[in-house]
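Student: Could you take me through one part of this chain in detail? I would like to look at the loops and at the backbone there.

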Amino acid sequence: MQRGRGGAADGCRPSCAVSAVGIELLTNYSASETITLTCSDGTTESIADSALGTAPNAFEFIGLAATSTRKSKSLSISTSGGSSQNEGFSKLWRAP
């Protein structure tokens with residue numbers, strides 16, 4: 001797992017591609033996140049807050065499943081307002 005400034009986890013690179021990822025996401029006051037998955041074939045897929053539907057200042061469970069031909073190789077979370085309030089994730093699950 002990569003670490004960002006202040007020790008906050010901002011990316012995860014499992015040792016092998018996975019078929020599904022679950023995240024317990026901690027949102028900030030704006031609750032505006034984008035999750036980007038990099039697939040085993042090198043393509044990326046970004047899921048914006050409009051699809052995530054997260055609430056502000058809450059722990060939100062987000063589950064993402066890959067297609068049978070494109071497994072996820074890495075994950076990053078981008079947030080809005082991160083310099084003024086903490087956010088990140090507290091738990092990460094993965095399925096082979």
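Tutor: Happy to. Let us agree on one term before we start: two residues are in contact when they have heavy atoms within 4.5 Å of each other. In this predicted model, residues 24 or more positions apart account for 76% of the contacts with a separation of 6 or more. The chain holds one helix and eight strands, and along the sequence they follow the order β-β-β-β-β-α-β-β-β.

Now to the loops. One of them links β3 (20-26) to β4 (33-39), and A31 lies in it. The phi angle of A31 is positive, near 45 degrees, although the residue is not glycine. Is A31 buried or exposed? A31 counts as buried because its relative accessibility is 3%, and the cut-off for buried is under 20%. For the chain as a whole, 31% of the 96 residues count as buried, and A31 is one of the buried residues.

A second loop is worth a look alongside it. N57 sits between α1 (49-52) and β6 (59-65). Here too phi is positive in a residue other than glycine, with N57 near 50 degrees. So that you have both settings in view: A31 is in a loop between two strands, β3 and β4, whereas the loop of N57 runs between the helix α1 and the strand β6.

To finish with the surface around these loops, the accessible surface of the chain comes to about 5,600 Å², and carbon and sulfur atoms contribute 49% of that area.

Notes. Residues are numbered from 1 along each chain as its sequence is written. This is a predicted model: local features need pLDDT of at least 70, side-chain atom pairs count only at pLDDT 80 or more; totals for chains, interfaces and linings use all residues. Side-chain values use heavy atoms; hydrogens and water are left out. Helices (H or I, at least four residues) and strands (E, at least two) are DSSP runs, numbered from the N terminus. Buried means under 20% relative accessible area, exposed over 50%, partly exposed in between (1.4 Å probe, protein chains only). Accessible areas come from the Shrake-Rupley method with a 1.4 Å probe; for residues, only the protein chains shown count as cover.
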